Amino acid sequence: MVNIILFGAPGCGKGTQAARLAQHYDLYHISTGEVIRSEIKRGTELGKSMEGYISRGELAPDSIVVEMVRDYMLSHNDKGCIFDGFPRTTAQAEIFDKMLAEAGSKVDVMIYMDVPEEELVKRILLRGKESGRADDASEEVIRNRIEVYRAQTAIVADYYTHQGKYSEINGLGTMDEVFDRLTSVIDARR
Ligand code: ADP
């Protein structure tokens, strides 16, 4: 059983690589951003409560996101998981640790995918044209998401560094090159 956190700024390629890694290692893949977008699409109360945050490029409240992950873990506990976009604050990381410990599990590794800001903005604007994601269409919202990442999320790396679980890779290059760097880190840790 292995639990992997893919970490990095919006647009660094977490989603694409997480899906591929999940298939390669036969793990579940949870993207909290995807779960939130699906709640919004289905028009649930939970979705409605999060719509404003997402459209402004802010983070959804920790308590809501943590409960979403808890729910997911209850029905997906027979093998490990790739966490994509979670935890995004130190508070989320602390609760997550407790949640996993209660289930007799733990985080094995956090991998940071390093991509420069101008490349992030370029990638997200391109993705916005195809995905139709509203938060990918406006450069202002994208810059705000990157700012929120710097102000609230980047520090989560320190949390896992203290636990000796942090690794980083260069997120530039072809999808295959990045995938190979990720599997090298994971294979060395397993
Ligand atoms: P990206 O990382 O490219 O911005 P995501 O799909 O991971 O895309 O997230 C989209 C949005 O969903 C974020 O901007 C944020 O508003 C919300 N979100 C996703 N995960 C979390 C989380 N763990 N905590 C708070 N908000 C989140």
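Helix α4 (residues 62-75) packs against helix α5 (residues 90-102) at an angle of about 25°, and their axes lie 10 Å apart. This is a predicted model. Angles under 35 degrees count as roughly parallel, and α4 and α5 are therefore roughly parallel to each other. The crossing of α4 past α5 is right-handed.

A second helix pair has its own geometry. Helix α1 (residues 14-25) packs with helix α9 (residues 175-189). Their angle is about 55°, and the axes are 11 Å apart. α1 and α9 are therefore oblique to each other. Here too the handedness can be stated: α1 passes α9 in a right-handed crossing.

**Around the ligand**

The shell around the ligand holds 20 residues. Thr32, Glu58, Arg88, Gln92 and Arg145 come nearest. By class, the shell divides into 7 nonpolar, 5 polar and 8 charged residues. Which helix gives the most to this shell? Helix α2 (residues 32-41) does, with 4 residues.

Three contacts to oxygen atoms of the ligand are set out below.

| Residue | Atom on the protein side | Distance to a ligand oxygen atom |
|---|---|---|
| Glu58 | backbone N or O atom | 2.5 Å |
| Arg145 | polar side-chain atom | 2.8 Å |
| Lys14 | polar side-chain atom | 3.4 Å |

Glu58 makes its contact through the backbone. Arg145 uses its side chain, and so does Lys14. How much of the ligand does the protein cover? On its own, the ligand has 550 Å² of accessible area, and the protein covers 97% of that area.

Two residues in the table also appear elsewhere in this account. Glu58 and Arg145 are among the residues that come nearest to the ligand. Lys14 has the number at which helix α1 (residues 14-25) begins.

**Backbone details in two loops**

Where does Pro87 lie? Its place is in the loop between β3 (81-84) and α5. The peptide bond that joins Phe86 and Pro87 is cis, with omega at about -10°. The helix that follows this loop, α5, is the partner of α4 in the packing described at the start.

Asp26 sits in another loop, between α1 and β2 (28-31). Its phi is near 55°. That is a positive value in a residue other than glycine. The helix before this loop, α1, is the one that packs with α9.

Key: Residues numbered from 1 in each chain as written. Predicted model: local features only at pLDDT ≥ 70, side-chain atom pairs only at ≥ 80, totals over all residues. Heavy atoms only, no water. Near = heavy atom within 4 Å. Polar contact = N/O pair within 3.5 Å; in protein donor to acceptor, adjacent residues only side chain to side chain. Areas by Shrake-Rupley, 256 points an atom, 1.4 Å probe, with all protein chains shown as cover. Nonpolar A, V, L, I, M, F, W, Y, C, P; charged D, E, K, R; others polar. Axes fitted to C-alpha atoms, helices over the stretch in contact; angles between N-to-C directions. Parallel < 35°, antiparallel > 145°, perpendicular 65-115°, else oblique. Left-handed = near helix turned anticlockwise from the far one by under 90°.
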